[in-house]
Amino acid sequence: MLNATNPFANYTLAITAQYDETRTGIEEASKKPSRKIYRTMDALLEECVFLGATRFGNNFIA
């Protein structure tokens, strides 16, 4: 939206548009990714054998 009567309006609108774009970008970046869900033990072990130790404790044996 351009305003020909006020010379500072275009400058102000450009700043607010950039601020809004930056704010939405920061909000998107700060969202945590969804956690991966394993339905079976085989699916977990296909991903990584050592993942079981971090998920089920140090005494986990694959």
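Helices (H or I, at least four residues) and strands (E, at least two) are DSSP runs, numbered from the N terminus. By that reckoning, the protein chain in this predicted model reads α-α-α from the N terminus on. That's three helices and zero strands. Three salt bridges turn up in a search of the whole structure, and they get most of the attention below.

**Ground rules**
- Residue numbers start from 1 along each chain as its sequence is written, and side-chain values use heavy atoms, with hydrogens and water left out.
- Since this is a predicted model, local features need pLDDT of at least 70 and side-chain atom pairs count only at pLDDT 80 or more, while totals for chains, interfaces and linings use all residues.

**Confidence**
- pLDDT is the predictor's confidence in each residue, from 0 to 100; its mean over the protein chain is 77, and 69% of the residues reach 70 or more.
- Among the elements, helix H1 has the highest mean pLDDT (92), and helix H3 (residues 51-56) has the lowest (62).
- Where pLDDT is low, the predicted coordinates should not be read in detail.

**Surface and burial**
- The protein chain has 62 residues, and 6% of them are buried (buried is under 20% relative accessible area, exposed over 50%, partly exposed in between, with a 1.4 Å probe and protein chains only).
- Its accessible surface comes to about 5,900 Å², with 59% of that belonging to carbon and sulfur atoms; the areas come from the Shrake-Rupley method with a 1.4 Å probe, and for residues only the protein chains shown count as cover.

**The Asp20–Arg23–Glu27 network**
- Side chains of opposite charge can pair when their charged atoms come close; the cut-off for a salt bridge here is a side-chain nitrogen of Lys or Arg within 4 Å of a carboxyl oxygen of Asp or Glu.
- Arginine 23 pairs with aspartate 20, their closest N and O atoms sitting 2.6 Å apart.
- Those two are three residues apart in helix H1 (residues 9-29), so about one helical turn separates them.
- Arginine 23 also makes a salt bridge with glutamate 27, at 3.2 Å from N to O.
- This time the spacing in helix H1 is four residues, so again the partners are separated by about one helical turn.
- Each of these side chains belongs to a partly exposed residue: arginine 23 has a relative accessible area of 34%, aspartate 20 comes in at 36%, and glutamate 27 at 41%.

**The Glu28–Lys31 pair**
- Glutamate 28 lies in helix H1 and forms a salt bridge with lysine 31, with 3.3 Å between the closest N and O atoms.
- Glutamate 28 is exposed at 52% relative accessible area, and lysine 31 is exposed too, at 53%.
- Shared partners, meanwhile, link the salt bridges of Asp20, Arg23 and Glu27 into one network.
- The side chains of glutamate 28 and lysine 31 are also joined by a polar contact of 3.3 Å (a pair of N or O atoms within 3.5 Å; within protein, one must be able to donate a hydrogen and the other to accept it, and residues adjacent in sequence count only if both atoms are side-chain atoms).
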